Amino acid sequence: DNTRQADPQAGGLFDVMLVAAGFYKQQLKSSPIAIEYFKKSQKPIVDSSATDPMKLINVNSYKKAGFVLHMLRTQLGDSTFWRAVRTYYAQYAGKNANTEDLQKILEETSGKNLAQFFKQWLYTPGHPNLQISYTYDPAKKLANFTLNQLQTIPFEFPIEIQVMGGT
């Protein structure tokens, strides 16, 4: 049987590196505080249920939001992203603004509909939990990958699979 679970730690026939729109699993692994928070609290970044504003200052609103902004910058490109940030700042400097205002500026600047991105990454709790397996046919030198999302609400995101090593 040539079916294997992808385990980048184990090595073996393939070392599989997954990059989900810049969501760097290594950064998350290096942040035990973030991991513990995510295990205990399944709250969205934009949490309208919070009644105490001080409870909004947490790992979710900083660390995860930072990952999300990085993903957004990766999808839009540096120049478009930073142009939108400058526009947002110029329009709302010294004023109140909310997430919808940021989304509107980003969409106007990029020409892209970001409704799904904002819905899943900012308004939906949790994050993708992927089960990845593959089969390899040595005669054909062909690998087939299966990716399943294990969380309740599926996410849409680009994903790259880079196969390194092997024979």
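The exercises below work through a predicted model of one protein chain, each with a solution in steps.

Residues are numbered from 1 along each chain as its sequence is written. Local features need pLDDT of at least 70, side-chain atom pairs count only at pLDDT 80 or more, totals for chains, interfaces and linings use all residues, and side-chain values use heavy atoms, with hydrogens and water left out.

**Exercise 1. The chain as a whole**

Task: State how many helices and strands the chain has, and in what order the elements run.

Solution.
- Step 1. Helices (H or I, at least four residues) and strands (E, at least two) are DSSP runs, numbered from the N terminus.
- Step 2. By this rule there are 6 helices and 5 strands in the chain.
- Step 3. Read from the N terminus, the order is β-β-α-α-α-α-α-α-β-β-β.
- Step 4. Of the 167 residues in the chain, 31% are buried. Buried means under 20% relative accessible area, exposed over 50%, and partly exposed in between (1.4 Å probe, protein chains only).
- Step 5. A contact means heavy atoms within 4.5 Å. Among the contacts in the chain with a separation of 6 or more, 60% are between residues 24 or more positions apart.

**Exercise 2. The two sides of α4**

Task: Compare the span of helix α4 with the expected one, then say which residues of α4 are buried and which are exposed on the other side.

Solution.
- Step 1. Helix α4 covers residues 78-92, which is 15 residues.
- Step 2. The expected span of a helix is 1.5 Å times one less than its number of residues. For α4 this gives 21 Å, and the distance from the first C-alpha to the last is close to that, at 21 Å.
- Step 3. T80, F81, A84 and Y92 are the buried residues of α4. They lie on the same side of α4 because they cover an arc of only 100 degrees around the axis. The arc is that of the directions from the helix axis to the C-beta atoms.
- Step 4. An α-helix has 3.6 residues a turn, so residues three or four places apart point the same way.
- Step 5. The other side of α4 has S79, R86, Y89 and A90, which are exposed.
- Step 6. The cover over the buried residues of α4 includes α3 (59-76) and α5 (99-110).
- Step 7. Just after α4 comes G94, with a positive phi of about 75 degrees.

**Exercise 3. The pair α5 and α6**

Task: Describe how α5 and α6 cross, and list the residues that meet.

Solution.
- Step 1. Two packed helices are described by the angle between their axes and the distance between the axes.
- Step 2. The 12 residues of α5 should span 16 Å at 1.5 Å a residue, and the end C-alpha atoms of α5 are 16 Å apart, which agrees.
- Step 3. The axes of α5 and helix α6 (residues 115-122) come within 10 Å and cross at roughly 145 degrees. Axes are lines fitted to C-alpha atoms, for helices over the stretch in contact, and angles run from 0 to 180 degrees between N-to-C directions.
- Step 4. From α5, T99, Q103, L106 and E107 meet A115, F118 and L122 of α6.
- Step 5. The buried residues of α5 are D101, Q103, I105, L106, T109 and S110; their cover includes α3, α4 and α6.
- Step 6. In α6, F117, F118, Q120, W121 and L122 are buried, and these pack against α3 and α5.

**Exercise 4. Residues in loops**

Task: Place K43, K141 and F155 in their loops, and classify each as buried, partly exposed or exposed.

Solution.
- Step 1. K43 is in the loop between α2 (32-40) and α3. With a relative accessible area of 35%, K43 is partly exposed.
- Step 2. K43 touches S49, N60, P125 and G126, leaving out residues up to four places away in sequence. K43 and N60 are 17 residues apart in sequence, and their C-alpha atoms are 7.8 Å apart in space.
- Step 3. K141 is in the loop between β3 (130-137) and β4 (142-149). K141 counts as exposed because its relative accessibility is 64%.
- Step 4. Most residues other than glycine have a negative phi. K141 is a residue other than glycine with a positive phi, near 50 degrees.
- Step 5. F155 is in the loop between β4 and β5 (160-164). Its relative accessible area is 5%, so F155 is buried.
- Step 6. The residues that F155 touches include W121, P125 and H127. F155 and H127 are 28 residues apart along the chain, with their C-alpha atoms separated by 7.7 Å.
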